[in-house]
Amino acid sequence: MLLSYLTRAASSFEVVNPDPTEGPTYLPFAVRDKVQAYLEENEQEKLKQIIATLFPQGDSVFPNDILPNNIAVFCTLLKISKGKWIKYFRRHKSLSDDKLPFDPTSKPPNWPEDTGDPAFLEKFCEEQWKFCVPVICQPFADQHFPPETILPIVYKKSLNSGGSATLWLIKLHPAYNQLISENEKADSADTFVLKTYFTAAAPTSYAREVEAFRRLQQDGGDTGIIGFHGSFTRGNTHNVLLQYADKGTLEDYFRNEIPPVEPEEIIQFWEALFKIIDALRRIHQTQPDGGAFIFHGWHQDVKPENILVVSNGSENTSEWEFKLADLGTSHFKRVDASRQDSTASDSYGTRTYGAPECYRPDERSVHDKLRVGQNVDIWSLGCVYSELARWMKNQYPGVQAYRRERRGEISKIPEFRDADCFHNGDAMLTAVRESHRKSTTNLRTGDYITKAVVERMIPDMLDISLARPTAEKLWYKSKSILAEARQELNCSNYPASGERRASRSVMSRSQTVPQDGPPAPPNPPPDISPPQSPTSDGSYQQEEIPYRPKRRSQHGRGDPDRISPLQSPISTDERWSVEEALEWKRDRKDSGIQKPIPNPQLHDRLRKRDHVFLIDDSVTMTPHWKRVTRVFEALSYILKDVDPNGLDLSFTISGDTLKKTKRTSKLVEMVKSRSKRLKGTTDMNLKLTEILVTYQTELEKPKGFFGKPILPRNLYILTDGVWEPNCDAAAPITNLVNKLIKLDKGRVQVGIQFISFGENTAALERLDILDSGLGLKPDIVDHEPSDGDVWKMLLGSTNDYYDSQNEQQQTHTAFSQEDSSTRTNKDYT
């Protein structure tokens, strides 16, 4: 009983390697909270039954011997058929849950001696990992986990791989995430970036970055540095857990956003960017470590790709924050506090934004160790601000034009190596000065700060090394410029923002200021990002790919007159609406006569299959819930007699489930009862992974549980398609298809049918892409609106004929598996 529950309802999976080309790797684990709730429900009835089965004579074992301190131990013992040993384990704290995991090479204190099984400890240790998943909580710095540890990482997607580390976008199972308090949690509270060092220098790079973050954390407050949530090693991997920047990098911001137009917004924009100065100020001089010494630090890789953008859940861009990232090249050195500056070896950071003193003119000097001061960071930030000023005037095409202007001037310097930097090997380029002139000529009315930044800050930052200001001096100058801008705004006659404000969230580039470069490429469709390609300096930029969304008719059925010559049209009497299906059900029940189902030959195609329903019960489904109930009532009644095992029902948010039942009245009542309890947002990737990976595991076995064969399965997902940001539903589907290919199973083995509600354009495009844009063979996914054809809802995911119905015969961009699951990458390296 308990083992069956653990295998299904209470299980989740760590995503170790999501790459389908190498074979995705999942490690199953039991969610402790679900197991405990299962054992405690109905006044511990199920636990009492298990104890009674193990100890029919009584033997003085009670539920509180297991709850709450011995749950993992008890489950492990049951898993290895040693459940009766809980009577012994309960007496020794050294054998309780908080002492797990045990070491198979060293018996824990009080381990039983005369067990009759010399491999008892070895078996226990092998199974224990599924039940002792660590809770991730603060402090979480430099934690060490054995290589067998299962971590609660339930979503994992590669963001970038290069240099010395791989970046992953991950989600922690909410039951195991205590890094952020409940009061501070937002929609993306369980989302983080995991940086994994993998080269021979991993221990050194990892130690350097962790030290940098921990030293800077001592200062507290808003540091202008990306959030550090902890670090850990597992086996020989070295990992840093970082804040998730949901709006990407400053380079993404250049490309995707438009400059602020209101005076206060312009000031707020520069104020937010000045936080990077504060970040460098903290890095350059950390708190005293006792005595006459302080720690001086260097970042040495300041560039747009290492400045990240965090929205904090706001759609107002003026409230977004800019954070300095990638402290992997940073290093600290203890120096005498009486010294004003110190030098260190150059860490081979950015070349484009690198200072002249970091320039290596030829191959022979490329590996030379140069002595550089902390003000190399000031130069790099000055370059970033220089491009920002051009963006303020001419948006992203202006930045692109500025980069071409620098390359043009540098190309005339014989044998110069750095193609688009800001210097000629000694001093600032003429193209840089000319760009500053362009940036400040005819500024928009109400911009009281950009001219001061360009004329009073950036030239000092791009001066020769000895003349550059320290971060401390630059920080105070930025405060002075901000104060002067606000004073000038207050003294001006500029209209209040409410009289002039345009909604920046809906403005496009074509609606704003003139451009001095080629027109910007179109934005990609929602949740679909173009692939990346490396640029000359090793960073990545996006390539635009065309996208033509599937056209819809009024009812989402396409054009019925457009039929392939190889297909015969579905006759009018074969099309069956939900309303017609419900009327058939009422007639059948009211008359007491088993009225035949229309088109019984189609109904027969659904026999001898498992039929599983997953219903999106997030808050966005509220206006559709009556329709959801009607659609589910119709479909479940049609299917109840063809599924030999009975129907399964689960939800994306609620833990309520019904398994293997043919009582459709009970199923429909459960759906109705959810109507006043809709809440939260749906992570469709997480739910699909839980369902599909469990089925994959069953498929790999020759027979199912109790010797029954594994039936083909249809999964019906009722949703509006409005899911959490960065919710990559394509990945688990792609993994399943790859598994089907490996097992030589065709499309009839599994079908995934999305049934959509509402008219959210972006959400419907998302579902269309999952249907027709993944380029998967076999194609196991179909999408039909809730007012569409019932037979297509039931057969579209497993039948080529029905899958092809209602789709326009038009050229549709084919997305590769990689492209369709890609999201906008965030470069933390």
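**Figure 1. Pro-101 sits in the loop between α4 (86–89) and α5 (120–128).** The model shown is predicted. The peptide bond from Leu-100 to Pro-101 is cis. Its omega is near 5°. Most peptide bonds are trans.

**Figure 2. Another cis peptide bond joins Lys-777 and Pro-778.** Here omega is about 0°. Pro-778 belongs to the loop between α20 (761–773) and β24 (781–785).

**Figure 3. The whole protein has 23 helices and 24 strands.** This view sets the close-ups in context. The protein has 829 residues, and buried ones make up 54% of them. Take the contacts between residues at least 6 apart in sequence: 72% of these join residues at least 24 apart. About 36500 Å² of the protein is exposed. Carbon and sulfur atoms supply 50% of that area.

**Figure 4. Helix α10 spans residues 430–440 and has buried residues on one side.** Ala-431 and Val-432 are buried. So are Ser-435, His-436, Ser-439 and Thr-440. Why do they lie on the same side of α10? They cover an arc of only 165° around the axis, and that puts them there. An α-helix has 3.6 residues a turn, so residues three or four places apart point the same way. Two helices serve as packing partners for the buried residues of α10: α9 (375–410) and α11 (450–461). Asn-442 follows α10. The phi of Asn-442 is positive, near 55°.

**Figure 5. Helix α8 (residues 263–284) packs with α9.** The two axes are 11 Å apart. The angle between the helices is about 170°. α8 and α9 are therefore roughly antiparallel to each other, as angles over 145 degrees count as such. The α8 side of the contact includes Ile-266, Phe-269, Trp-270, Leu-273 and Phe-274. Ile-276, Ile-277, Leu-280 and His-284 of α8 also take part. From α9 come Asp-377, Ile-378, Leu-381 and Tyr-385, along with Leu-388, Ala-389, Trp-391 and Met-392. Helix α9 also meets the buried residues of α10.

**Figure 6. Helix α16 (residues 625–639) crosses helix α17 (residues 664–673).** Their axes come within 10 Å. They cross at roughly 165°. How do α16 and α17 run, roughly parallel or roughly antiparallel? They are roughly antiparallel, because their angle is over 145 degrees. The crossing is right-handed. On α16, the contact residues are Trp-625, Val-628, Thr-629, Phe-632, Glu-633, Ser-636 and Tyr-637. They meet Thr-664, Leu-667, Val-668, Val-671 and Lys-672 in α17.

**Figure 7. Lys-660 has a positive phi within strand β21 (residues 657–661).** The value is about 50°. Lys-660 is not a glycine. Most residues other than glycine have a negative phi. Is Lys-660 buried or partly exposed? Lys-660 is partly exposed, with a relative accessible area of 45%.

**Figure 8. Asp-744 lies in the loop between α19 (730–742) and β23 (750–756).** Asp-744 also has a positive phi, near 60°. Asp-744 is a residue other than glycine. Its relative accessibility is 70%. Asp-744 therefore counts as exposed, since the cut-off is over 50%.

Notes
Residues are numbered from 1 along each chain as its sequence is written. This is a predicted model: local features need pLDDT of at least 70, side-chain atom pairs count only at pLDDT 80 or more; totals for chains, interfaces and linings use all residues. Side-chain values use heavy atoms; hydrogens and water are left out. Buried means under 20% relative accessible area, exposed over 50%, partly exposed in between (1.4 Å probe, protein chains only). Helices (H or I, at least four residues) and strands (E, at least two) are DSSP runs, numbered from the N terminus. The arc is that of the directions from the helix axis to the C-beta atoms. Contact means heavy atoms within 4.5 Å. Accessible areas come from the Shrake-Rupley method with a 1.4 Å probe; for residues, only the protein chains shown count as cover. Axes are lines fitted to C-alpha atoms, for helices over the stretch in contact, and angles run from 0 to 180 degrees between N-to-C directions. Angles under 35 degrees count as roughly parallel, over 145 as roughly antiparallel, 65 to 115 as roughly perpendicular and the rest as oblique. A crossing is left-handed if the near helix is turned anticlockwise from the far one by less than a right angle, and right-handed if clockwise.
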